[in-house]
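Colleague: Could you walk me through the charged pairs in this one? I would like to hear the reasoning behind each label.

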Amino acid sequence: MAVSADNQITWDIFDALPDPALALDGNREIIFANKAALGLLGEDIEGGDIAMALRQPLALSIANAALDGQNPEPGEIEISRGTPQIFEVRAAPILGNRIVKALITFKDNTRIKQADDIRSTFVANVSHELRSPLASLIGFIETLQGAAKDDPEARKKFLSVMENEASRMSRLIDDLLSLSSVEVDEHVQPREAVSLIPLLRDVVTVIQARAVNKEIKIISDFPQGLPDIPGDVDQLTQVFQNLLENAMKYGRSKSEIRIKIGINDHSSENSASEVIVSIADRGDGIPAKDLSRLTERFYRVDKARSRELGGTGLGLAIVKHIVGRHRGRLEIGSEEGLGSTFTVFLPTFEA
Ligand code: ADP
């Protein structure tokens, strides 16, 4: 590399930059590539023409413009090293230096791009989820104003369907609000001392009351002397409510739901122990290929069935976010035809 010892010190500073950077001379030759650039574009790019390192025409035209003394607009390019990454490429002319004529920098925008994609898919999904109950409400309103105007039987039937559709929309809005409020403070770990057994007993009482028509029995095994955990009572209530509601929804009539609580004692290792709550149902279970995707928003194994049972497709996404906020984890196990077990691990206060 044609740089003096003093210049070498300057280049070393560029190695500390997390973003890739390239210095070009007037012949488009890469006379310096910092460590991040070598990692991105190849270890042997120094000394070669920029076109050997960067194949994207947009990146090359940006570099050429800077070499011509212009200040080109940045551009977005995709660079694939196994997985594709999106970079914003900027180039600035360097005036008044004998060797370096342009500096090219790259900013990794992959995560921003992914977040944008997730956001727009989410908005499309929400619109779609709201559109179908709304379309059916509008249809029934029109029928009630016209053909079924003087038919009390039809009116009664349609109003009951309308009530279901409106409740589904209302549940969807409630779940969307819960999800966004959990996301807002997801990085702040709750510190209130929560005693899980009374909390679970309350949840069981509420859900048990709804279990009557399916004749599902909730069997719980609560040990003595369970430690409190740092948590948010309302959010933890929601976790176990959602999991128990699912066990009820997807469990077979006249079957059982078993709730177990245990503790993983790590106190001898000087780290936080974990309280483990598992909820096992006897239902049709979940195919193995779907297990890893269940906590995605609006992911359902059987869309029609979930809708019919009044599901929003957001329950497990909410559970995952709340458990994450509590620095815990959720494990899902299932055997098709037998049932599913949802296990929540929640750390206790530090030992
Ligand atoms: P939903 O409102 O559709 O129940 P969830 O986010 O709570 O949404 O669950 C997502 C999907 O996971 C459900 O649609 C269903 O396919 C599957 N699922 C959740 N819990 C169970 C369970 N206990 N047994 C079988 N399938 C389940």
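**Salt bridges and their surroundings**

Modeller: Gladly! This is a predicted model, and the count comes to 18 salt bridges.

Colleague: What makes E88 and R90 a salt bridge?

Modeller: Their side chains are 3.0 Å apart, N to O. The cut-off is within 4 Å, so the pair E88 and R90 qualifies.

Colleague: And why is E88 called buried?

Modeller: E88 has 19% relative accessibility. Buried means under 20%, so E88 counts as buried. Its partner R90, at 43%, is partly exposed.

Colleague: How do you know that D116 and R119 are about one turn of the helix apart?

Modeller: Both lie in helix α5, residues 110–145, and they are 3 residues apart. Their side chains meet in a salt bridge at 3.5 Å, N to O.

Colleague: Why does R119 count as exposed, and what is D116?

Modeller: Exposed means over 50%, and R119 has 52% relative accessibility, so the label exposed fits. D116 has 36% and is partly exposed.

Colleague: What makes D185 and R325 a salt bridge, and which parts does the pair tie together?

Modeller: The N to O distance is 3.8 Å, and the limit is 4 Å, so D185 and R325 qualify. D185 lies in the loop between α6 and β6, while R325 is in helix α11, so the pair ties together parts that are 140 residues apart in sequence.

Colleague: Is R325 buried or exposed?

Modeller: R325 is buried, with a relative accessible area of 6%, whereas D185, at 25%, counts as partly exposed.

Definitions and conventions
Residues are numbered from 1 along each chain as its sequence is written. This is a predicted model: local features need pLDDT of at least 70, side-chain atom pairs count only at pLDDT 80 or more; totals for chains, interfaces and linings use all residues. Side-chain values use heavy atoms; hydrogens and water are left out. Buried means under 20% relative accessible area, exposed over 50%, partly exposed in between (1.4 Å probe, protein chains only). Helices (H or I, at least four residues) and strands (E, at least two) are DSSP runs, numbered from the N terminus.
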